Amino acid sequence: MKQRTPDGDALTALVLPVFELNGEFLAAAQDITEPTGLTPAWWQVLGATLDEPLSVADIARRVGLGLARQSVQRTANLLVDKGWAVYVDNPNHKRAKLLEPTAKGRDTVAELRDAQHAWSDAVGAAVGESELKAFAATLEKILSASRDYRGGSA
């Protein structure tokens, strides 16, 4: 069996902590959304439509994070059923409606703002702006390198 290089070992050592960080982000999002009745996934989909109405396919592409179009469709339908969003006609496509937040949806997302700001300010202060910016740059390099590798070997 081929051994990893030191670079490969260093990357592998990040995998579990990054999964754990993802779980922590989801737990924090759950804490933030719980008082409003939204879930983190509902917040994510609704938030994608705040600047402009989007089709479910566009939301799935924009939100990313492995959310399948079908998962976004189920979430969008729930948001509509609960009055946080509506479907509107899409001038570019007869069948693919656009999801748009209602006033209730916008108000609910606005309710989350203070709690999200308090969380991000506290965590950001504990880590520090320069360290977070360096980490973000490193994450972007890892994402780009992985996508390049997968694109070249697929």
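Let me start with the nonpolar patch on the surface. Phe25, Trp119, Val123, Val127 and Leu132 make this patch, and its area is about 390 Å². Please keep in mind that the model is predicted, so these values are computed from a prediction.

Which helix gives the most to the nonpolar patch? That is helix H5, residues 103-127, with three residues. Trp119 is one of the patch members, and Trp119 lies in helix H5. Its relative accessible area is 30%, so Trp119 is called partly exposed; the word exposed is kept for values over 50%.

Now the charged side of the story. There is also a negative surface patch, formed by Glu20, Glu24, Asp31 and Glu34. Where does Glu34 lie? Glu34 is in the loop between helix H1, residues 6-33, and helix H2, residues 40-48. With a relative accessible area of 55%, Glu34 is exposed, because the cut-off for that word is over 50%.

The loop between H1 and H2 also holds Thr36. Is Thr36 buried or exposed? Thr36 counts as buried, because its relative accessibility is 17% and buried means under 20%.

Last, the polar surroundings of Thr36. A polar atom of the Thr36 side chain lies 2.7 Å from the backbone oxygen of Thr33. The side chain of Thr36 also has a polar atom 3.2 Å from the backbone nitrogen of Leu38.

To sum up the loop: Glu34 is exposed, while Thr36 is buried. That is the end of my part.

Terms used
Residues numbered from 1 in each chain as written. Predicted model: local features only at pLDDT ≥ 70, side-chain atom pairs only at ≥ 80, totals over all residues. Heavy atoms only, no water. Patch = residues over 30% accessible without salt bridge, like charges linked within 9 Å, V, L, I, M, F, W, Y side chains within 5 Å. Areas by Shrake-Rupley, 256 points an atom, 1.4 Å probe, with all protein chains shown as cover. Salt bridge = Lys/Arg side-chain N within 4 Å of Asp/Glu carboxyl O. Lys, Arg positive; Asp, Glu negative; His and termini not counted. Charge placed at Lys NZ, Arg CZ, Asp CG, Glu CD. Helix = DSSP H or I, 4+ residues; strand = E, 2+ residues; numbered from the N terminus. Buried < 20%, exposed > 50% of the residue type's maximum accessible area, 1.4 Å probe, protein only. Polar contact = N/O pair within 3.5 Å; in protein donor to acceptor, adjacent residues only side chain to side chain.
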